[in-house]
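Colleague: I am new to this structure and should like to understand the terms used to describe it. May I put some questions to you as we look at it together?

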Amino acid sequence: MKIVEPKQSKNAKEITKKRYLMSDSQDRPVETVGEMLWRVAQHMAKPEVLWEGNGMVQKTAEKFYERMVKKKFVCSGKAMFEAGNLGTSGQLAACFVLPIEDSIDSIFKTLGEAAVVHKNNGGTGFNFSAIRPHGDRVKNVMGAASGPVDFIRAFSAALSKILQGAKRQGANIAILNIDHPDIEEFIEMKDEDGNLKNFNVSVGVTDEFMKAVKKKSQWRLVHPRTKEVVKKIRADILFDKICEHAHLSGDPGMMFLDAMERDNPTPTLGKIEATNPCGEIAMLPYENCNLTSISLAEHLKKNDKGEYEIDWKDLEKSVRVGVRFLDNMVEVNNYPLPQNEKMVKDGNRRIGLGVMGFAHLLYKLEIGYNSEKAVVLSEKLASFIRKEADKESERLAVIRGNFSNYDVSIYKDSKTPRRNCATTMIAPTGTISMFADCSSGIEPVFSLVTLRRTFFEDNKENRPTRELTITDPVFEEYLKTWVKDKKRRQEILEQVASEGGIRNVKELPLKIRRVFCTTHQIEPEYHVRIQAAWQKHFDNSVSKTVNFNHKAKVSDVKNAYFLAWKLKCKGITIYRDGSKEDQVLRGSEKGSEFEFPVKFRNLKSEVCVDCGGGLEIKEGCFTCSQCGWSKCSI
């Protein structure tokens, strides 16, 4: 097998070296990027021997390698580092859901299990709604119960002590259902900036509640143990409170429980009430999921007119190979808990094939993110990918057998073979999109030109001492096409960095200036509609942040939450620019409805603790574009 080195930018190479390459005791790489990808491909191909003999192992490894080295798809960063790496745990999955029951033994048993997951670099999701409310009776002692919020704080404190890779805390999500008596305390839980930084929080809401909000009718808060109604509150007042606090701090988000349950492939095994930390996978207790993302920007070709168009045949190939890759990952994964292996490998075999590079795809097709064309294309792509993913899952089932829980699943009566209970999702792809030099997930590009802080090695405090100009690669190529003079291009980059957009760059046609829109130039409505278009066809969930400018009102948040529910999203996370103290990139007050310039604030908390680079907020996480360090905290 000939090793090929993928084409990567300088930043991508540095991130790969720091995050994914095996190294010696002196932290020096002992493999190249191409060798690392071959290591992963070989490891993921090993299960082929179980069904199609030794000959298929090498052939399949070569198929996996060809897709990865061309950056057609990239597996999760955790799997990229762990696969075939004998010095690691071999845990390839990064996202888990664990159960919470109403007893001290159960609660702390789950905390212990979460600690094991975090020790092996996984993230965890919990629904705390089964826990009796604060001040409730415990063994005939009144006022003894701690309540969900206290236990969430206890989980946060304990899990924050487990540093993953000796550098960062693992990510978590806490969900509390809208009918829990402690729901108001939960909504207020993260008002103090910096509180519970290793936990995202979301309210689990039902269709019944959202309808009650519209009618302004009374909503009942129900004791989870006795099922007695302990309080009534007008639904619209409770909804207003959720939106006010989200506007204030970015939390809480919303999980639409009925939408998640409608796509539950094994409802007889239990209700789906929790997701992984960033919300892209809604799972039953003890389920986990393996992830791989297709880079849409790498599935383009030029037509006779020299214009880009989608290469549907090549995309179909990536989907088919990606599903096989993920089903093999289920087989070779080392599971941290025996319950995980039972629910995944010997149960549902849930996989998550997603996408990244969507914004770059739109740039190259010259389609604005905030346009009807983008919404229509989103739905077309999602439908195509889901259809081809299901076809491959069916084909694998004929050879390898159905997933073990098939006979208690929604597929039983259809007689259609299925290797996996679910196949598609959209995950945050912060670091792996940097590896692939593409935009992350289905998010828009945050900024075309970013002034990023960096440091000199002789700085004793390891603090940033100068700024570098980082330019979006697709925009840079277009700029070279339209502006031939190198000196003028540099002036334009400085202008874009200063103004936050290209509205005033007269050398660029108006159409191009509208196509190359960025996060804060996109109306929240289009953020939601793009998410909904993908969610319409994907059977797992979608990780997406709906961004607002600093001047947005609470009513704008309400409209976004209602629209997400109406369009059948499974959840929604919003972020209003400037609503957190430690935000790095924020909109300037000088911006208009078309441009929201991005500038740095001069705070130590704004820089990466690892390399001193700047942090961006996307998909509910702070991510360093310089070294890939990330932390989910909103």
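Colleague: Why are α14 and α15 called oblique to each other?

Modeller: In this predicted model, helix α14 (residues 358-365) and helix α15 (residues 372-400) pack at an angle of about 120 degrees. Roughly perpendicular covers 65 to 115 degrees and roughly antiparallel begins over 145, the rest outside the parallel range being oblique; α14 and α15 are therefore oblique to each other. Their axes lie 12 Å apart, and the crossing is right-handed.

Colleague: Which residues of α14 and α15 meet?

Modeller: From α14, F358, L361, L362 and L365 take part; from α15, their partners are A374, L377, S378 and L381.

Colleague: How do the residues of this contact of α14 with α15 divide by class?

Modeller: There are 7 nonpolar residues, 1 polar and no charged. Ala, Leu and Phe count as nonpolar, whereas Ser falls among the polar residues.

Colleague: What makes α20 roughly parallel to α21?

Modeller: Helix α20 (residues 524-535) and helix α21 (residues 554-566) pack at an angle of about 20 degrees, and their axes are 10 Å apart. Angles under 35 degrees count as roughly parallel, and that makes α20 roughly parallel to α21. The crossing of α20 and α21 is right-handed.

Colleague: Which residues join α20 to α21, and where do they sit?

Modeller: E525, V528 and R529 belong to α20, and they meet A560, L563 and A564 of α21. By class, this contact of α20 with α21 has 4 nonpolar, no polar and 2 charged residues. Glu and Arg count as charged.

Colleague: What share of the chain counts as buried?

Modeller: Of its 634 residues, 60% count as buried, the cut-off being under 20% relative accessible area. The chain has 21 helices and 25 strands. Among contacts between residues at least 6 apart in sequence, 70% join residues at least 24 apart.

Colleague: What is the mean pLDDT of the chain, and how many of its residues, in per cent, reach 70 or more?

Modeller: The mean pLDDT is 88, and 86% of the residues reach 70 or more.

Colleague: Where does pLDDT stay under 50?

Modeller: One such stretch is residues 455-459, for which the model has 9 contacts beyond four places in sequence. Residues 582-607 also have pLDDT below 50, and this stretch has 88 contacts in the model beyond near neighbours in sequence. Where pLDDT is low, the predicted coordinates should not be read in detail.

Note on methods
Residues are numbered from 1 along each chain as its sequence is written. This is a predicted model: local features need pLDDT of at least 70, side-chain atom pairs count only at pLDDT 80 or more; totals for chains, interfaces and linings use all residues. Side-chain values use heavy atoms; hydrogens and water are left out. pLDDT is the predictor's confidence in each residue, from 0 to 100. Contact means heavy atoms within 4.5 Å. Axes are lines fitted to C-alpha atoms, for helices over the stretch in contact, and angles run from 0 to 180 degrees between N-to-C directions. Helices (H or I, at least four residues) and strands (E, at least two) are DSSP runs, numbered from the N terminus. A crossing is left-handed if the near helix is turned anticlockwise from the far one by less than a right angle, and right-handed if clockwise. Buried means under 20% relative accessible area, exposed over 50%, partly exposed in between (1.4 Å probe, protein chains only).
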